[in-house]
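Subject: Structure handover, with notes on what was found

Hello,

Please find below the structure that I promised to pass on to you. My notes on it follow directly after, with the cut-offs given wherever a term first comes up.

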2 protein chains.
Amino acid sequence: MEDIRDNDGAVTADDVAAAAGVSRWTVARAFKKDASISRKTRDRVLAAADTLGYVPDLSAASLASDRSNLVALLTNDFNNPHKLVLLERLTRMLWGRGWGTLLVHMSESEDASAALMAASQRRVDAAVVIGTRYDDTLLETALGARRVKKLVIFARYSQNPNTLTLACDDELAMRDIADHLLDKGYRRPVFLAGPDTQSAKLLRKPTFTSYWQQRTGTEVPAIHADAYAFDPAIDRVCAMLSEAPAETRPDVLVCENDILAIGAMDAIRYRLGLRVPQDIAVTGFDDIPLCASPAYGLTTYRQPITQLAEKLLDVLEGTQTENVFLPGRFVAREST
Amino acid sequence: MEDIRDNDGAVTADDVAAAAGVSRWTVARAFKKDASISRKTRDRVLAAADTLGYVPDLSAASLASDRSNLVALLTNDFNNPHKLVLLERLTRMLWGRGWGTLLVHMSESEDASAALMAASQRRVDAAVVIGTRYDDTLLETALGARRVKKLVIFARYSQNPNTLTLACDDELAMRDIADHLLDKGYRRPVFLAGPDTQSAKLLRKPTFTSYWQQRTGTEVPAIHADAYAFDPAIDRVCAMLSEAPAETRPDVLVCENDILAIGAMDAIRYRLGLRVPQDIAVTGFDDIPLCASPAYGLTTYRQPITQLAEKLLDVLEGTQTENVFLPGRFVAREST
DNA sequence: TCATTTTCTGCACGCGCGTGCAAATCGCTT
DNA sequence: AAGCGATTTGCACGCGCGTGCAGAAAATGA
């Protein structure tokens with residue numbers, strides 16, 4: 001297979017201009033919404049463009065102007081299916097509104113600034129860190145020198161003032177979950193969280209434990225898996241439960257996300273031979289497709305991804321300049 | 001939050017040139033591998049660039065040259081976690097070698113050419129269709145007029161001569177699976193495939209059925225789920241098994257991928273109350289993380305993603321111009 | 001030391017399009 | 001038919017860097 005394009009050079013605005021009998025700039029106007037151009041000329045130009053197969057070159061456009069209509073999507077933790085949902089929604093909605101999406105892998109080991117730097121070399125209008133923790137200082141460094149104009153934290157929290165946060169309201173979410181559990185009569189929760197790092201960017205654990213404390217007056221013990229993956233969750237849950245006598249055993253595991261919750265269910269059922277929810281109930285967070293399967297039926301909480309993505313578009317277009325926290329939707333299933 | 005960059009304009013090669021006391025072109029050389037430049041000057045330039053925080057602007061570079069080092073990744077079917085693995089591997093390896101990845105969503109309903117066209121506006125050096133079926137004619141149209149230079153089909157098959165295919169060798173894979181099933185004594189397989197479209201780009205069904213026919217002389221019946229998702233698989237499997245008396249029931253379901261296989265297992269266990277593998281065994285394809293969980297333990301086949309990604313790099317760099325089919329690895333678990 | 005090769009550096013030009021303004025054209029009124 | 005404002009069109013300049021070549025500097029050999 002060799003290079004395919006038949007007419008060796010790409011067709012430019014000049015070609016279209018010649019074909020339509022106008023100037024190159026008029027061609028540009030024809031493609032620009034709300035440009036000052038007469039209906040007739042625009043139609044003629046677009047017709048010519050269509051027969052010639054012309055589409056404006058956005059690289060050149062971004063060089064000439066100072067916006068690229070390109071957004072960098074930075075993420076890691078590629079083993080959580082929820083990321084796929086986030087990516088799908090974001091790319092679909094962004095492209096639909098004329099934004100290109102540059103997918104960048106922030107490997108855990110290396111630093112986030114390397115990823116940001118790579119993105120900045122492509123003149124992105126904004127960088128969106130998707131559902132993943134990151135190191136504030138590194139980003140600050142990266143932002144100082146580079147040409148990333150906006151930095152958005154999506155589906156996580158950041159206190160960095162140079163940053164815009166778009167996320168599900170974890171406080172409301174954890175209240176819904178806690179209220180549901182109290183209704184159902186659960187009294188001895190244990191919180192299963194991910195790695196206990198300083199830059200954890202989820203408020204689920206603190207908001208749940210403080211609300212539970214407030215409603216019941218009792219503390220919520222927490223345990224931490226080494227990573228957001230099945231096996232670490234299984235190991236951690238086994239370690240905890242195999243020590244505890246049945247009487248003091250927790251009656252529900254509140255998990256920071258669905259991956260941990262599913263690992264917890266597997267541990268409870270297949271390692272410890274107990275039943276969910278009769279012996280121990282489990283809740284998750286995110287509502288990944290697997291939650292609905294008959295094998296799990298996991299009670300969980302769905303983030304308002306579409307609305308958040310719409311807010312992201314507002315941010316990109318400059319009409320949203322404040323942090324956003326939106327309520328999601330509690331989803332009750334058989335695991336509680 | 002407003003635009004962050006402190007020094008309002010980005011720093012350009014000219015600035016670095018002035019700081020290092022050389023010309024702008026020498027700065028460019030310092031950043032270009034194998035460029036004709038003395039060791040000393042390069043070090044000086046790079047030092048200056050470092051203190052100024054300069055990085056070459058790849059947009060401008062791609063305008064000036066005719067390569068962008070940008071690759072468009074086209075995909076759909078965002079509910080298969082295997083896509084996440086593919087995306088992760090590809091983005092990580094491509095960025096690692098200096099390629100940017102533009103993620104484009106090919107919605108099922110609309111046509112692939114719209115996605116390709118969007119990508120072509122960004123001067124991509126190649127478009128990679130990832131693990132998804134597509135319509136040949138649409139791509140052909142899109143390729144005719146646009147400036148996509150190379151079109152690669154990744155993890156699927158295409159007969160289009162303008163296209164380069166990089167995929168797992170489905171024939172070897174299905175032989176491994178069939179041999180394993182025959183060893184284990186299974187004799188009445190049914191093949192569970194995805195939607196029965198004309199442009200299906202997987203050879204798993206035909207290769208399995210013909211090899212099974214060859215080894216046993218018996219036909220393999222096939223059924224088709226309406227989509228590659230849990231529920232369609234569950235529905236289809238229930239529909240088939242509830243009609244069949246236990247004697248003529250299949251003893252193994254060979255599934256086109258893991259998603260279908262997991263749906264099949266759920267149907268067998270939770271809808272029909274049968275056991276896997278005692279009553280019916282199941283095999284999948286892809287080895288998504290869930291396969292290893294104790295709840296499923298799915299026998300499956302792992303595609304050689306890393307090697308395929310390496311081949312993709314060769315394709316991009318021009319050293320690979322032929323289709324590639326690589327063997328993967330059979331993974332036996334408890335579901336057979 | 002000088003001539004010759006080899007290595008290194010500078011430069012004119014262009015990639016395709018956006019911006020902002022000036023010139024041209026149109027539509028309407030009197 | 002002239003005149004005025006509103007609308008539409010054309011254009012010089014620059015965005016930041018790559019290419020290919022010519023000239024300068026350094027390295028080599030006798």
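Between chain B and chain A, an area of about 6300 Å² is buried, and carbon and sulfur atoms give 63% of it; buried area here is the accessible area (1.4 Å probe) that two parts lose on being put together, summed over both. Please bear in mind that this is a predicted model, in which local features need pLDDT of at least 70 and side-chain atom pairs count only at pLDDT 80 or more, whereas totals for chains, interfaces and linings use all residues. Residues are numbered from 1 along each chain as its sequence is written, chains are lettered from A and ligands numbered from 1 in the order in which they are written, and side-chain values use heavy atoms, with hydrogens and water left out.

The contact between the two chains (heavy atoms within 4.5 Å) takes 70 residues from chain A and 70 residues from chain B. Across it there are 16 residue pairs in polar contact, both residues being at pLDDT 80 or more; a polar contact is a pair of N or O atoms within 3.5 Å, where within protein one must be able to donate a hydrogen and the other to accept it, and residues adjacent in sequence count only if both atoms are side-chain atoms. On the side of chain B that touches chain A, helix H5 (residues 81–96) of chain B gives the largest share, 8 residues, helices (H or I, at least four residues) and strands (E, at least two) being DSSP runs numbered from the N terminus. That side of chain B has 37 nonpolar, 18 polar and 15 charged residues, where Ala, Val, Leu, Ile, Met, Phe, Trp, Tyr, Cys and Pro count as nonpolar, Asp, Glu, Lys and Arg as charged, and the others, Gly among them, as polar.

The whole structure holds 28 salt bridges over all chains, a salt bridge being a side-chain nitrogen of Lys or Arg within 4 Å of a carboxyl oxygen of Asp or Glu. Between chain B and chain A the count is 2, and one of these joins Asp57(A) to Arg123(B), with the closest N and O atoms 2.5 Å apart. In this pair, Asp57(A) sits in the loop between helix H3 (39–52) and H4 of chain A, and Arg123(B) in the loop between helix H6 (112–120) and strand E3 (126–130) of chain B.

Turning to the DNA, 25 residues surround strand C, the closest being Tyr54(A), Ser23(B), Thr26(B), Arg29(B) and Thr41(B); a residue is near a strand if one of its heavy atoms lies within 4 Å of it. A base oxygen of DNA strand C is 2.6 Å from an N or O atom in the side chain of Arg29(B), while a phosphate oxygen of this strand lies 3.2 Å from a polar backbone atom of Asp57(A).

Of the 25 residues around DNA strand D, those that come nearest are Ser23(A), Thr26(A), Arg29(A), Thr41(A) and Tyr54(B). Thr41(A) places a polar side-chain atom 2.5 Å from a phosphate oxygen of DNA strand D, and the side chain of Trp25(B) has an N or O atom 3.2 Å from a base oxygen of that strand. Of the atoms of DNA strand D within 4 Å of the protein, 53% belong to sugar or phosphate and the rest to bases.

Best regards
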